[in-house]
Amino acid sequence: MTDTSKQINDEARLRSLTSTTVPPRLAQPAAPQVRRSIGRISGRDVVVLLGSGLTALATTELLFGRLAPFRGRLGFVVVAFVLFVVVYALLVSLTEDRPQVVDRVMGSLFSAAAVIAGAALVSVVGFTLWRGRTALMKSNLYVQDMSNTGPLDPLENGGILHAMLGTVIIVSLALVVTVPLGLACAVFLNETRSRMRGLVRSVVTAMTALPSILAGLFIFATWVLILGFERSGFAASLAISIMMLPIIVRSAEVVLRLVPGNLREASEATGAPQWRTVWHVVLPTARSGLVNAVILGVARGVGETAPVLLVSGITSTTNSNPRSNPMMSLPLAVFEFVRSPQPALIQRGFATAAVLMVLVLALFTIARVIAGRPVGRQSKRQARRMLRRSAKDLGRIEIVVGGSR
Amino acid sequence: MQTKTALPVRDDERPSPTPREISSRRGRGDRNFNRGLSLTGISVLAVMAAVGLFLTIEAWDAFRAVGFKFFTTSTWQPDRRVFGVAAVLLFTVLIALLAVAIALPLAMGTALFIVEVVPSWLRSTFIAIVDLMAAVPSVVYGLWGLFFLQGQIIGLSRWLTTWFGWIPLFNVSGDDPTSPLASGTVYTASTFIAGVVVSMMVLPIACSVMREVFSQVPPGEREGAFALGSTRWGMIRTVTLPFGRGGIIGGTMLGLGRALGETIAVYLIISPRFDVSFHVLENGSNSVSSLIALRTPEATGFGLSALMAAGLTLFVMTLVVNFVASIFVARSRSGAGSEA
């Protein structure tokens, strides 16, 4: 009995699985299906966005001064944004369900965060250029120093030559130390199999975040207090080196990691020793990225104020000797100018800050252009140079046809 | 089908081939090369160790003079042997926490905007904006804070203390917000303004770490969420944020490390004070690094040793914060294994 009943059961189940039930046809056909748009932005979205934006602006305008005693620019922006989010959510909820509304609101919050970041950058750059514009126009800013200029002198007198020269000297000296050491350390982290690599890597990371004042304090404690040298541009360049080194190591290491392993193996397969592989294959392949790393380090070093303040000191004369006497740098000059209450000096401070910022931004743009090229891709000039070199190599190779060896 | 194997003709004359000795031992040049490279690694370690060591040596006198009271005294008078970092450290931490509190939501929003919201042709522009923010020297941020932001933000400070003055943090003594003649000078040079300016420097650091981690979210999981009918925010909440948790924490702590050590911008904005106060909106604040920058140029002997002790405190603090941060960041990277 059990057997047969099971069999019947199974058959029924099988039939129910394999048969297809056709839904009963409705008397009236439902409305024809509309093709759903899956694109990100539809015309309706734009209208809703614009509409809620306008509503928010208009309402806030009414609230500020007309209907309620609100005032202040910051308050205006905040109230307008809050109103915008509320109105936007309301409009979206007319057609969409809850998850969609939440999605739109969160999207507008993210966009607002990015806009705030962008606005902050624009206002920092714009404000500095604006306040420094008069002093920037005066050509004496770039060719004079402050040695013959009193605090009450007009902008036509005095400049920041001493600070520009000091920055160039200090950063060049720092580069002499950091470029070989930094690149070698990056090669160490990436090309060797030493057991210390993990430790070195985490120490370099920690060093990236070393407060700059401590680098200055360290050089002050050792170079000035213990070794007894005087405060000088060289001491400043030592302190700046400590700040630049970890940046160069970190970004160079990231680039070296991108060098394809098969290039290394190809080189080793030809019998090249490791140091030749690194020198002739790895480093040239990553050249653009390495230049980028050095530029990033320079951009960091140029902007450091505190270490220079501690170990080099403030001066108003041009000093081209890094071994003795205080030496000024651009950020230190900014700092010194704006500590004074004199309007002319403050204007000079802004002009100096503008020069410094343009320098850093230019360095940064160059770095981005260079880094835009992927590792291992040659520019046209590099490719031509490689061709020439290998043509020269061909001359050395003796082709023996039918030889025995 | 049958296959035939042709055996090679045996040649007894030839000596049997012996396997060639293959050694992975490097030549002398390479060994020297490796030694030289290790030396550079050691030198980096040595520099960092020397920073800690020499700060400790120089700070020894100060620590021996006051002992543990160094962390409980708030005045700074090394010549009378009465000094400590209680107030300075408190202000440093307050500035850093404020900066992180402001920068964290902005950095997270910006990172999510860059990774998820912005169309791809605009993405590199926003990445460049964040990178440029990181590249602007801190003295420029200080100028901006001192001459631009301070004027704008006093209204906000007054509003906060008017409505939220009952929270001790926002209380301001010495100003009656209801008086129309109040000048607003009580609100200048405060911890709050310093915190806002430092947050502008923390934002790009935290943002770039978060962006990096968010962009490593396995595409399979993202698309899986979308395929299940999730909205973009639903996907972010269930996939991106859990995946990037390590990056969010690590990026925030890296920013905190930067905020603790910020010197020149804070120095420009605050007017130093040495009493313990939690009123962040009030005039006057301090920080370890600006204390060092302010006092070192004219300090001698024992005063210098006291400053070194303050520097050592800052060194240990940033080191701990950064090591914790790098552990979190490293851990979040290892989560990328779920891609398989």
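Let's start at Gly67(B), the residue that follows helix α1 of chain B and has a positive phi, near 65 degrees. When I say helix, I mean a DSSP run of H or I with at least four residues, while a strand is a run of E with at least two, and both are numbered from the N terminus. A word on what we're looking at: this is a predicted model, so local features need pLDDT of at least 70, side-chain atom pairs count only at pLDDT 80 or more, and totals for chains, interfaces and linings use all residues. Residues are numbered from 1 along each chain as its sequence is written, and chains are lettered from A and ligands numbered from 1 in the order in which they are written.

Okay, back up from that glycine into α1(B) itself. This helix has 39 residues and reaches 56 Å from its first C-alpha to its last, close to the 57 Å expected at 1.5 Å a residue. The expected span here is 1.5 Å times one less than the number of residues. There's a kink in α1(B), about 45 degrees, centred on Ala59(B). By bend I mean the angle between axes fitted to the seven residues ending at a position and the seven starting there.

Ala59(B) also turns up among the buried residues of α1(B), together with others including Phe33(B), Leu37(B), Val44(B), Phe54(B) and Glu58(B). Buried means 20 or more other C-beta atoms within 10 Å of the residue's own, exposed means 12 or fewer, and partly exposed is in between, with C-beta atoms placed from the backbone.

So what does α1(B) do for the interface? Well, 73 residues of chain B are in contact with 75 residues of chain A. Contact means that the C-beta atoms, placed from the backbone, lie within 7 Å. Helix α1 of chain B, residues 28–66, gives the largest share of chain B's side, 17 residues. Sorted by class, that side has 45 nonpolar, 23 polar and five charged residues. For the classes, Ala, Val, Leu, Ile, Met, Phe, Trp, Tyr, Cys and Pro are nonpolar, Asp, Glu, Lys and Arg are charged, and the others, Gly among them, are polar. The predictor gives the complex an ipTM of 0.84 and a pTM of 0.84.

Next helix: α5 of chain B, residues 191–214. Its 24 residues should span 34 Å at 1.5 Å a residue, and the end C-alpha atoms are 32 Å apart, which agrees. α5(B) has a kink too, about 30 degrees at Met201(B), shortly before the proline Pro204(B). Is this helix enclosed or open? 23 of its 24 residues are buried, so α5(B) is largely enclosed by the rest of the structure.

In the loop between α4 (138–164) and α5 of chain B sits Ala189(B). It isn't a glycine, yet Ala189(B) has a positive phi of about 55 degrees. Ala189(B) is buried, with 21 other C-beta atoms within 10 Å.

How sure is the predictor about chain B? The average pLDDT, which is the predictor's confidence in each residue from 0 to 100, is 85 for chain B, and 91% of the residues score at least 70. Watch residues 334–340 of chain B, though: the pLDDT there is below 50, and beyond near neighbours in sequence the stretch has five contacts in the model.

Over to chain A, with 17 helices and zero strands. Of its 405 residues, 40% count as buried. An automatic or database assignment sets the domain bounds, and chain A is divided into domain 1 (43–131) and domain 2 (161–377). Taken over C-alpha atoms, the centres of these two domains are 41 Å apart. Four residues of domain 1 of chain A are in contact with five residues of domain 2 of chain A.

In chain A, helix α1, residues 2–18, has the lowest mean pLDDT of the elements, 66, and α7(A) has the highest, 93. Ile169(A) is in that helix α7, residues 161–191. It counts as buried, with 20 C-beta neighbours inside 10 Å. What does Ile169(A) touch? Leaving out residues up to four places away in sequence, Ile169(A) touches Gly233(A), Ser320(A), Pro322(A) and Met327(A).

Last one: Asn325(A), in the loop between α14 (306–311) and α15 (330–338) of chain A. Its phi is near 65 degrees, positive in a residue other than glycine. Asn325(A) counts as partly exposed, with 15 C-beta neighbours inside 10 Å.

Technical notes: Contact = placed C-beta atoms within 7 Å.
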